[in-house]
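Welcome! Here is a short guided look at one protein chain, from its overall make-up down to a few single residues. Please keep the picture at hand as you read.

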Amino acid sequence: MADGSQIEVAFDQGVVQAGVNQAPICEVELELKSGQTDALFVLARHLSDQGGMRLGNLSKAARGYRLAADYSGDEVQPLSLVNTQSDDSVESCFIRSLEHALSHWHYHEQIYIEQDSIAALHEISHAISFIRQLLTVYGGIVPRRASAILRQELKWLEGELAWLKHYDYLDDLLKDKGYALRKLEARKFLVTELKQRQEELPQRDESFKLLHSARYTGLLLDLSRWILTRGWQPFLDEKARERMARNIRGFSIKQLERAWAELMDVFPPEQTLSSQEYIDQQYRLMRTLYTGIGFARLYDAEKRLAFRMPWADLLHGIDDLLTLKTLATLLDTLEAEDQEQVNRWLIRQEHSILHAMEQTRMIGVEIPPYWRD
């Protein structure tokens, strides 16, 4: 390499075999023999610039063990709380959180490569959104310019996967042959239209292409490099370094209080909110819950669960409202009589969901924040 680093490059192509089971293999392995770790990322970036490559998540040995055990693949897991420790510094918590998100991302990418799992793509999207929120939460210490390109690319990828929500709304309406629509005369027509719209969304081959694209792989490499080399540190002044070295608890309380104040501002307890007012705050509510993922383990498990549950339920309620909005887009395709019936049904459903959400919100407002003890 230009900096004098020596890297061994090995190209493996063939099959991994265990008994009668086998799987194809085609990979490039890079091993740093001497020099700087950064050189590995420079070379990996160069190799992946043409696309068609992705970062491997399993060794050949691991693949062999899976084949020998006739292993069908890992299960999708929700994004769990970061294992933040009470003696963590602000910086170590930042690193721990980034690594947690990246691990979740890699894990579910491998699942999607092995099986057509929309749920796995969702978890990749959650990891991306969590990383974006981490960069915001720590933005008062880590200058934006330290992660400018990463922010831009994460936003791009989050946008590439934004269709997943729409897929879910359509899927909810189509479950059990449109069972949710069973009381509507236009059910068969609506199911046909909804299926057509779902088929117009990106298919597996398009998602597969995205996960092997140069831009996607470049983002993963750049993010991994940024975490491993602590790419934000050259941008920190002495005051920022001192803040990064402090214990995490004080910082976590400040961030959780800020998130709580924002929630109270957009979900004022004294006001009854409309469907659109809830929908408008979906992203803000999601970001607030992501903030808690990084810090919640510092506090009492029972109290944090009781506090987070109503707000998580509220987020599900917003999804239910958006599912109705998805169906409402088909109103203009119906005959007048069917249109009237569907519209009445939508109004009843919305009223029922909003009533439950208002009760849930009041419960959430009354539960004391778990970090204030």
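## A first look

In this predicted model, contacts within the protein chain often link distant parts of the sequence: among contacts with a separation of 6 or more, 78% are between residues 24 or more positions apart. The protein chain has 373 residues, and 46% of them count as buried.

If you are looking for landmarks, the secondary structure consists of 15 helices and two strands. Along the principal axes, the C-alpha atoms fill a box of roughly 75 × 55 × 35 Å.

## Surface and charge

What does the protein chain show to the outside? About 19,900 Å² is exposed, and carbon and sulfur atoms supply 50% of that area.

As for charge, there are 56 negative side chains and 44 positive ones. The centres of these two sets lie 4 Å apart.

## The nonpolar core

In soluble globular proteins, nonpolar side chains tend to be buried together. Here, the largest nonpolar core has 99 residues. Which residues have the most contacts inside this core? They are Trp-105, Tyr-138 and Trp-232.

Trp-105 is a good one to find in the picture. Leaving out residues up to four places away in sequence, Trp-105 touches several leucines, namely Leu-154, Leu-157, Leu-219, Leu-220 and Leu-223. Its other partners are Ile-124, Ala-127, Ile-128, Ile-131 and Tyr-216.

## A serine in helix H4

Now follow helix H4, which covers residues 118-137 and includes Ser-125. Is Ser-125 buried or exposed? Its relative accessibility is 14%, so Ser-125 counts as buried, the cut-off for buried being under 20%.

Which residues does Ser-125 meet, apart from its neighbours within four places in sequence? Ser-125 is in contact with Leu-161 and Leu-164.

## The pair of strands

Finally, turn to the strands. Strand E1 spans residues 6-18 and strand E2 spans residues 21-34. The two run antiparallel and are joined by 13 bridges.

You can trace the pairing residue by residue: Val-9 stands opposite Leu-30 in E2, while Ala-10 stands opposite Glu-29 in E2. E1 and E2 form a hairpin with two residues between the strands. In this hairpin, Gly-19 takes a positive phi near 65 degrees.

Definitions and conventions:
Residues numbered from 1 in each chain as written. Predicted model: local features only at pLDDT ≥ 70, side-chain atom pairs only at ≥ 80, totals over all residues. Heavy atoms only, no water. Helix = DSSP H or I, 4+ residues; strand = E, 2+ residues; numbered from the N terminus. Buried < 20%, exposed > 50% of the residue type's maximum accessible area, 1.4 Å probe, protein only. Contact = heavy atoms within 4.5 Å. Areas by Shrake-Rupley, 256 points an atom, 1.4 Å probe, with all protein chains shown as cover. Lys, Arg positive; Asp, Glu negative; His and termini not counted. Charge placed at Lys NZ, Arg CZ, Asp CG, Glu CD. Core = buried A, V, L, I, M, F, W, Y, C linked by side-chain atoms within 4.5 Å. Pairing = 2+ DSSP bridges.
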